[in-house]
Amino acid sequence: MKSFYQFLMTMRHPKPHDELSQFANDAYDDHSFPKHSIDYDELSNYLEMNGHYLPSMRVFDEAWELYRQSYQKV
């Protein structure tokens with residue numbers, strides 16, 4: 001199972017076209033991001049304290065839902 005960070009990196013884009021790709025780009029630049037985590041609470045807590053680049057936690061929740069759905073299909 002990929003970590004959330006690994007999943008998020010699949011959304012990176014050189015010219016972000018939506019909030020999810022901007023989140024992915026910003027997380028890539030965040031050297032303290034919990035790169036190996038698969039735990040919603042750990043990631044959510046981290047972003048609430050350090051995710052100044054997120055316009056809203058809604059963006060994380062959308063990305064998390066896509067992450068979760070991607071593993072239900074497997």
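Tutor: Buried means under 20% relative accessible area, exposed means over 50%, and partly exposed lies in between, with a 1.4 Å probe and only protein chains considered. This is a predicted model, in which local features need pLDDT of at least 70 and side-chain atom pairs count only at pLDDT 80 or more, while totals for chains, interfaces and linings use all residues. Residues are numbered from 1 along each chain as its sequence is written, and side-chain values use heavy atoms, with hydrogens and water left out.

Student: Why does E19 count as partly exposed?

Tutor: The relative accessibility of E19 is 36%, and partly exposed is the class between under 20% and over 50%, so E19 belongs to that class.

Student: What makes the pair of E19 and R58 a salt bridge?

Tutor: A salt bridge needs a side-chain nitrogen of Lys or Arg within 4 Å of a carboxyl oxygen of Asp or Glu. The closest N and O atoms of E19 and R58 are 2.8 Å apart, so the pair meets that limit. The two residues come from distant parts of the chain, with E19 in helix 2 and R58 in helix 4 (residues 57–72), 39 residues apart. R58 is itself partly exposed, with 39% relative accessibility.

Student: How many salt bridges does the structure hold, and what makes R58 and E62 one of them?

Tutor: There are 3 salt bridges in the structure. In the case of R58 and E62, the N to O distance between the side chains is 2.5 Å, so the cut-off is satisfied here too. Both residues lie in helix 4, 4 residues apart, about one turn of the helix, and E62 is partly exposed at 34% relative accessible area. With E19 included, E19, R58 and E62 are linked in a network of salt bridges.

Student: How do you know that R68 and E65 also form a salt bridge?

Tutor: Their side chains meet at 2.5 Å, N to O, so this pair also falls within the limit. R68 and E65 are 3 residues apart in helix 4, which separates them by about one helical turn. Both count as partly exposed, because R68 has 35% relative accessibility and E65 has 30%.

Student: What makes a stretch of chain a helix here, and how many helices and strands are there?

Tutor: Helices (H or I, at least four residues) and strands (E, at least two) are DSSP runs, numbered from the N terminus. By that rule the protein has 4 helices and 0 strands, and from the N terminus on the order is α-α-α-α.

Student: Why is S21 called buried?

Tutor: S21 has a relative accessibility of 1%, which is under the 20% limit, so S21 counts as buried. S21 sits in helix 2, and its partners, leaving out residues up to four places away in sequence, are M11, H13 and P16, where contact means heavy atoms within 4.5 Å.

Student: Why does N25 count as buried?

Tutor: N25, in helix 2 (residues 19–29), has 12% relative accessibility, so N25 too is under the limit and counts as buried. Leaving out residues up to four places away in sequence, N25 touches R12, H13 and P16.

Student: Why is S37 called buried, and where does it lie?

Tutor: S37 is in the loop between helix 2 and helix 3 (40–50), and its 6% relative accessibility is under 20%, so S37 is classed as buried. With residues up to four places away in sequence set aside, S37 touches S3, F4, E42 and L43. From S37 to M49 the C-alpha distance is 16 Å, with their positions 12 residues apart in sequence.

Student: How do you know whether the radius of gyration of the protein agrees or disagrees with that of a compact globule?

Tutor: The radius of gyration is taken over C-alpha atoms, and the globule rule is 2.2 Å times the number of residues to the power 0.38. For 74 residues a compact globule would have a value near 11 Å, and the protein has 11 Å, so the two agree. Along the principal axes, the C-alpha atoms fill a box of roughly 30 × 25 × 20 Å.

Student: What share of the residues is buried, and what share of the contacts joins residues at least 24 apart?

Tutor: Of the 74 residues, 41% are buried. Among contacts between residues at least 6 apart in sequence, 50% join residues at least 24 apart.
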